[in-house]
Amino acid sequence: MAVSEHVDLPRFIEGVKKRNPGQDEFVQAVTEVAEDIFGFMADKVKYHEAQILRRIAEPDRVISFRVCWEDDKGNIRVQRGWRVQNNNSIGPYKGGIRFHPSVTESVLKFLAFEQTFKNALTGLPMGGGKGGSNFNPKGKSVNEIMRFCQSFMTELYRHIGADVDVPAGDIGVGGREIGFMFGQYKRITNNFTGVLTGKGLEWGGSLIRTEATGYGAVYFLQNMLKTKGDSLEGKTAVISGSGNVATHAAEKIVALGGKVLTLSDSEGFVHDPDGITQEKIDWVKEHKTHRRGRISDYAKEFKGASFHGGGARPWGVACDVALPCATQNELNGEEAKTLLKNGCIAVSEGANMPTDLDGVHIFKAAKILYAPGKASNAGGVAVSGLEMSQNSARISWKEADLQQQLLDIMEGIHSRCLEYGSDGKGYTDYVKGANIAGFKKVADSMLAYGVV
Ligand code: NAP
């Protein structure tokens with residue numbers, strides 16, 4: 001193989017920007033990874049020669065399709081759907097489906113790229129993918145959601161498969177939507193197979209999949225605190241979001257003796273100085289999931305709590321630990337500084353890329369315990385991987401076994417981050433550790449395959 005010219009980091013990023021015009025989120029995600037990988041590759045000519053990072057930052061394929069559906073009034077509606085299959089070097093493509101009006105090709109490409117590293121970190125054989133649509137489920141009837149899901153799957157089914165690509169849920173896609181999509185897949189193909197994860201327990205789902213991402217983010221936080229001889233007992237926590245990840249992270253913080261002060265949604269956040277107890281979390285779950293309500297109603301329901309509207313974010317509330325669990329770029333550099341000023345010692349990301357690049361640099365410079373989502377929120381996809389194994393073997397594992405596997409997997413990811421991120425003097429750069437550990441596994445597999 002000829003030794004190709006070694007580009008430096010600025011030229012590499014320039015190239016990524018040029019090839020992906022207007023795709024800011026994708027460029028941001030690649031930049032964050034490349035900042036660490038270029039240092040790691042400096043003395044490893046084999047990765048440069050084989051153009052590995054360039055290849056990982058070019059999805060295997062991006063499938064884009066039209067999704068037509070009829071609303072309850074008989075109007076024909078047209079949405080766009082995508083599946084981004086980023087890399088399948090270590091296993092079938094795996095990653096969630098997001099239904100949200102902010103979904104674009106750039107957002108899904110960034111998520112599929114991040115997913116590639118995350119899935120490698122879990123130690124399970126899963127490649128990286130992501131999909132979704134700009135469909136907004138808010139305000140839609142159950143029948144409208146069902147018709148949309150069926151139409152979406154009518155195209156998607158030809159691109160996925162238990163050994164090809166196994167989607168799951170994400171923002172706007174929970175158990176109900178997975179049910180509608182799995183039902184349509186089964187109807188079209190006449191195949192009952194583990195083609196989606198996050199399924200209901202009666203039809204091939206796994207115990208603890210619903211809880212796994214939020215619980216996992218807290219286990220990761222616990223592992224980080226343990227390196228400092230500390231724990232969650234008595235710690236105050238600020239959490240953003242009020243969906244699947246946020247409510248389960250809150251639940252685990254409370255179970256481990258911490259006090260949760262905030263939750264949020266896209267309209268603003270609630271601050272409850274008395275602490276958001278398990279009983280209050282149960283109310284939020286019911287309210288957001290089944291009643292499709294807003295988090296602002298929390299302040300009407302529970303005395304002492306206040307709602308801060310206009311899309312306000314909770315990072316100004318003083319806390320010991322913070323868990324961004326809503327969406328990408330929801331915590332910027334200024335907010336990172338505010339958290340530090342108020343004494344925050346640890347950040348564990350439940351969402352994907354919630355901290356923007358400025359914020360990442362500020363947390364790294366302050367040398368706090370800061371876990372990027374690709375490491376700390378990998379518990380969900382890890383249990384999805386376990387769901388795939390159970391589906392292949394046509395068995396269901398017990399809850400206690402799965403809980404233990406989740407704990408072990410999160411501890412394993414933490415150790416992999418330490419291996420490549422520790423400076424040997426007491427500080428661990430978890431971003432660097434996660435990026436290098438994830439990259440190495442995928443890169444070495446790609447080298448084995450030659451030029452494909
Ligand atoms: P979800 O159940 O749909 O909840 C999303 C939450 O985030 C809602 O409270 C939502 O508020 C809020 N949100 C969405 N867009 C927002 C915006 N632009 N500004 C402010 N708040 C916004 O979704 P989820 O499954 O918890 O996912 C949350 C994050 O975790 C995402 O980044 C996702 O990719 C990541 N993640 C999820 C999993 C998983 O297993 N579910 C696994 C790994 C990573 P509204 O109700 O107002 O929209």
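Me: What makes the pairing of Ser 242 with an oxygen atom of the ligand a polar contact?

Reply: A backbone N or O atom of Ser 242 lies 2.9 Å from that ligand oxygen. A polar contact is a pair of N or O atoms within 3.5 Å; inside the protein, one atom must be able to donate a hydrogen and the other to accept it, and residues adjacent in sequence count only if both atoms are side-chain atoms. So Ser 242 passes. One heads-up: this is a predicted model, where local features need pLDDT of at least 70 and side-chain atom pairs need pLDDT 80 or more, while totals for chains, interfaces and linings use all residues. Residues are numbered from 1 along each chain as its sequence is written, and side-chain values use heavy atoms, with hydrogens and water left out.

Me: How do you know which other residues pair up with a ligand oxygen?

Reply: Run the distance test again. A side-chain N or O atom of Asp 170 sits 2.6 Å from a ligand oxygen, and a backbone N or O atom of Gly 350 is 3.5 Å from one. As for cover, the protein hides 83% of the 890 Å² of accessible area that the ligand has on its own, using the Shrake-Rupley method with a 1.4 Å probe.

Me: What makes a residue count as near the ligand?

Reply: One of its heavy atoms has to lie within 4 Å. There are 26 residues around the ligand, and Asp 170, Thr 213, Ser 266, Arg 294 and Asn 352 come nearest. That shell draws at least three residues from each of domain 2 (61–193) and domain 3 (211–371), with bounds from an automatic or database domain assignment.

Me: Why is Gly 350 called buried or exposed?

Reply: Buried means under 20% relative accessible area, exposed over 50%, and partly exposed in between (1.4 Å probe, protein chains only). Gly 350 has 5%, so we call it buried. You'll find Gly 350 in the loop between strand 11 (346–348) and helix 13 (357–366); helices (H or I, at least four residues) and strands (E, at least two) are DSSP runs numbered from the N terminus.

Me: What is the label for Asn 329, and why?

Reply: Asn 329 comes out at 29%, so the label is partly exposed. Asn 329 also has a positive phi of about 50° although it is not a glycine. Its loop runs between strand 10 (321–324) and helix 12 (333–341).

Me: And why does Gln 328 get its label?

Reply: Gln 328 has 12% relative accessibility, so it counts as buried. Gln 328 is in the loop between strand 10 and helix 12. The Gln 328 side chain also makes a polar contact with the side chain of Arg 98, at 2.9 Å.

Me: Why is Ile 208 called buried or exposed?

Reply: Its relative accessible area is 4%, so Ile 208 is buried. Ile 208 has a positive phi too, about 60°, without being a glycine.

Me: What makes a group of residues a nonpolar core?

Reply: The members are buried Ala, Val, Leu, Ile, Met, Phe, Trp, Tyr and Cys residues joined through side-chain atoms within 4.5 Å. The largest one here has 53 residues, and Phe 220, Leu 221, Ile 239, Leu 323 and Ile 413 touch the most other members. Helix 8 gives this core its largest share, nine residues.
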